[in-house]
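Colleague: May we go through this structure together, one question at a time?

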Amino acid sequence: MSTAPDFDDLIALRRDLHRHPEPAWREFYTTARLVDELETRELDALHVGPEVLGDERLGVPDDAELDEWFERAREAGAREDVLDRLRGGYTGALAIAERGEGPTVGLRVDIDALPIRESTDDDHAPAAGGFRSETEGYMHACGHDAHAAIGLGVLDAVLDSDFSGTLKVFFQPSEEIVGGGKPMADSGHLDDLDYLLAVHVGLNHPTGEIVAGIDGFLAVHQFRVRFTGAAAHAGDRPEEGRNAMLAMATAIQNLHAISRHSGGATRVNVGLAEAGTATNIVPESAVIEGEVRGETTDLMDYMVERANSVFRSAADMHDCEVETFVDGEAPSATSDAALIDVLSDLGSGVEGVESILPTDDLGGSEDATYLMQRVQERGGKAGYVVIGTDHPGGHHTPTFDVDEESIRIGVDLLSRAVERIAAERP
């Protein structure tokens with residue numbers, strides 16, 4: 001039975017996932033829908049949920065929120081037997097196809113969505129085409145729905161080829177909060193990989209352009225910090241209070257005063273701050289969420305050390321206690337030159353590819369770096385590939401969408417790459 005990719009089916013899958021966006025660790029419907037598809041393929045193994053994740057997960061929501069998304073997936077038609085395997089937010093899947101002697105090649109695609117309300121404008125293709133998000137306040141604003149479709153299409157194409165070796169396709173949860181890469185890397189399923197490819201659409205590259213290997217990953221550390229003081233009447237007894245909001249404000253200001261580093265680029269941002277209950281109450285509690293980044297993992301570590309010092313000193317200054325939590329983290333990484341050469345050479349033979357860039361800098365962060373690092377530390381090679389796509393809005397905006405032609409280009413390029421890598425072992 002042929003398993004050649006049916007692009008109409010892949011686009012239908014992408015649109016179904018687009019209608020049901022789910023954020024990190026809540027990809028219940030998404031995982032169940034992928035399992036529906038994968039079970040129709042001739043696989044040697046299909047691992048689901050906790051079977052593809054190590055013990056340590058970052059940024060997992062509380063039980064009440066997980067239960068809410070679990071029920072939403074059930075109501076959307078996700079299978080009960082699959083949902084039962086995903087309880088507790090253990091989402092994601094791994095498909096394994098063994099086809100004779102040869103190396104083990106991995107492909108990593110991510111599957112989570114973002115907390116953004118999708119555009120309802122008439123010129124927004126998902127709205128006009130009837131596949132806009134059905135979960136208000138959430139959408140696929142980064143193309144992970146297309147990534148999932150590409151992963152399935154590459155699996156089909158390779159199964160329909162003369163590929164000899166083992167192919168593993170990792171459908172990774174929780175990329176947007178850089179929380180899923182590390183537990184998937186720690187699962188043990190990457191330890192026999194000889195090669196790994198990761199993929200992303202767009203990233204400001206148009207349809208018809210590909211980047212054979214991304215570098216310039218910024219290592220990132222996402223934090224959540226809680227300051228705790230003591231409440232008091234702001235008019236009658238302000239001196240009896242310990243103002244957590246002031247500790248928070250001091251920390252925010254001083255974070256941005258951390259010295260830059262001569263070793264390379266660093267970043268800091270506080271994206272969320274919450275404190276206070278009324279104008280006449282000294283705030284007892286305050287929370288900030290933010291991140292630091294570095295051009296290298298060492299530079300990120302430098303920023304983390306300085307940030308933690310800021311948190312402690314701000315708490316001491318205002319006589320408050322402080323707790324810090326890590327919500328997500330990812331190291332820097334580099335694509336291997338041998339894989340860049342393979343992708344660059346193959347690109348000219350793919351219909352629709354008009355421009356090939358050997359390398360480009362990401363300028364951001366990605367937890368595929370954990371998987372890349374795991375493979376490279378064990379002597380394998382890894383690369384991060386960009387499939388350009390025309391998108392009317394920038395990534396992480398309400399009008400983001402993908403040109404679905406990029407799904408076909410991605411499947412064609414990556415399946416050819418898997419076949420050549422297995423045959424030539426670069």
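Modeller: Two strands pair if DSSP finds at least two bridges between them; strands (E, at least two residues) and helices (H or I, at least four) are DSSP runs numbered from the N terminus. The model is predicted, with pLDDT of at least 70 needed for local features and 80 or more for side-chain atom pairs, while totals for chains, interfaces and linings use all residues. Residues are numbered from 1 along each chain as its sequence is written, and side-chain values use heavy atoms, without hydrogens and water.

Colleague: How many bridges join strand β7 to strand β9?

Modeller: Strand β7 covers residues 219-228 and strand β9 residues 285-294. One of the β7 residues, Phe227, has Ala286 of β9 as its bridge partner. The two strands run antiparallel, and the number of bridges joining them is 10.

Colleague: Which strands stand at the edges of the sheet?

Modeller: The open sheet has 4 strands with antiparallel pairing, in the order β8-β9-β7-β10. An edge strand has a single partner, so one of its sides is left without a neighbour in the sheet. The edge strands are β8 (266-275) and β10 (321-330).

Colleague: At roughly what angle do the axes of helices α1 and α12 cross?

Modeller: Axes are lines fitted to C-alpha atoms, for helices over the stretch in contact, with angles from 0 to 180 degrees between N-to-C directions. The axes of α1 (residues 7-19) and α12 (residues 405-424) come within 10 Å, and they cross at roughly 120°.

Colleague: Which residues of α12 make the contact with α1?

Modeller: Contact means heavy atoms within 4.5 Å. From α1, the contributors are Phe7, Leu10 and Arg14. From α12, they are Ile407, Arg408 and Val411.
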